[in-house]
Amino acid sequence: MTELAASPGMNLNLTASHDPAGRSFADPSDAGVARAAALFEDMQPDKAAEMLAPVLASRPDSAAGWILMARIRLALDQVPPALEAASRAVELAPEDPRPPAIASRALTLLGRHDEAMSMAYRAVIVEPKNPLWHDRVAWALMAADRQLGDAEQAARTAVGLDPNEAHFYFTHGVTLAALGHVDQARQALMTSLRLEPENPVARHRLDVLNGTAAPVPEKKKRGWRLFGRKNESKPVRPEEFRP
């Protein structure tokens, strides 16, 4: 079971509040990090990484810089470097939920599921009212194919914390389907599609449940929206918001 790139989720402002656009991410006192963040938001991760690398070489104590680098590396599907950057951020900012959430996703993609689940729960403990971290828990558990009841509960919690976000209903629908609750899964996916009617992945999931489409293997690749804003186009693959 794969995750979404995008979403959801995950936000990267320095207060770690629920801000899916991540518009306040960079430390305003660090022009280099700010410029790299702007390139990343402009969907230019390669250029952002090139801009950020010398900044981190000169300022290895920049937690904001390492968080941004971890996001960039994930966007480039460079998972081991993403985990390394997230781990540096965890050490520098242990009170921030974003580094463990990013590390959790990287660990999931590396198949290190026990560590991924632990990091996801760590993010929730730090900031329990942010639905992104509950969503991360749900996908970490589903990727590990264990504790699916806990995954459904985490997805349901995310929906309760942000009932206007289509992605969280999508996650909830996937967890319900994994538990065999097909009717409830349909309802969750239909709600997701009402909020985001042009999402092809949610539509396909619903068609599979309705028996009008065959399931297809999903690539563990990101969607085209790195962390999108709600007023912009939605991701092709909404499995998970990326912190």
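Where is the place of A82? A82 sits in helix α4, and I will come back to it after the overview.

This is a predicted model, in which local features need pLDDT of at least 70, side-chain atom pairs count only at pLDDT 80 or more, and totals for chains, interfaces and linings use all residues. Residues are numbered from 1 along each chain as its sequence is written, and side-chain values use heavy atoms, with hydrogens and water left out.

Overview, then. The protein chain has 11 helices and 0 strands, where helices (H or I, at least four residues) and strands (E, at least two) are DSSP runs numbered from the N terminus. Along the sequence the pattern is α-α-α-α-α-α-α-α-α-α-α. Of the 243 residues, 55% count as buried; buried means under 20% relative accessible area, exposed over 50%, and partly exposed in between, with a 1.4 Å probe and protein chains only. The exposed area of the chain is about 10300 Å², with 53% of it supplied by carbon and sulfur atoms; areas come from the Shrake-Rupley method with a 1.4 Å probe, and for residues only the protein chains shown count as cover.

Next, the annotation. An unreviewed UniProt entry places the feature "repeat: TPR" at residues 63–96 and 166–199. UniProt positions are in the numbering used here, feature names are shortened, and annotations may be inferred rather than shown by experiment. Residues 63–96 are 79% helix and 0% strand, with the end C-alpha atoms 9 Å apart. Residues 166–199 are 79% helix and 0% strand, and there the end C-alpha atoms lie 10 Å apart.

Back to helix α4, residues 79–92. A82 has a relative accessible area of 0%, so it is buried. Setting aside neighbours within four places in sequence, A82 is in contact (heavy atoms within 4.5 Å) with A70, R73 and L74. Its C-alpha is 7.1 Å from that of M69, 13 residues away along the chain. E84 is also in α4, but E84 is exposed because its relative accessibility is 53%. From E84 to A70 the C-alpha distance is 7.6 Å, across 14 residues of sequence.

Now the packing of α5. Two packed helices are described by the angle between their axes and the distance between the axes. Axes are lines fitted to C-alpha atoms, for helices over the stretch in contact, and angles run from 0 to 180 degrees between N-to-C directions. Helix α5 (residues 98–109) and helix α6 (residues 113–126) pack at about 160°, with axes 8 Å apart. They are therefore roughly antiparallel. For the cut-offs, under 35 degrees is roughly parallel, over 145 roughly antiparallel, 65 to 115 roughly perpendicular, and the rest oblique. Among the residues that meet are L107 in α5 and M119 in α6.

The axes of α5 and α7 (residues 131–144) come within 10 Å and cross at roughly 20°. That makes α5 roughly parallel to α7. The α5 residues here include R98 and R105, and those of α7 include W133 and R136.

Last, two backbone points. Most residues other than glycine have a negative phi, and most peptide bonds are trans. D77, in the loop between α3 (63–75) and α4, has a positive phi near 60°. D77 is partly exposed because its relative accessibility is 33%. D145, in the loop between α7 and α8 (148–161), also has a positive phi, about 60°. D145 is exposed, with a relative accessible area of 59%.
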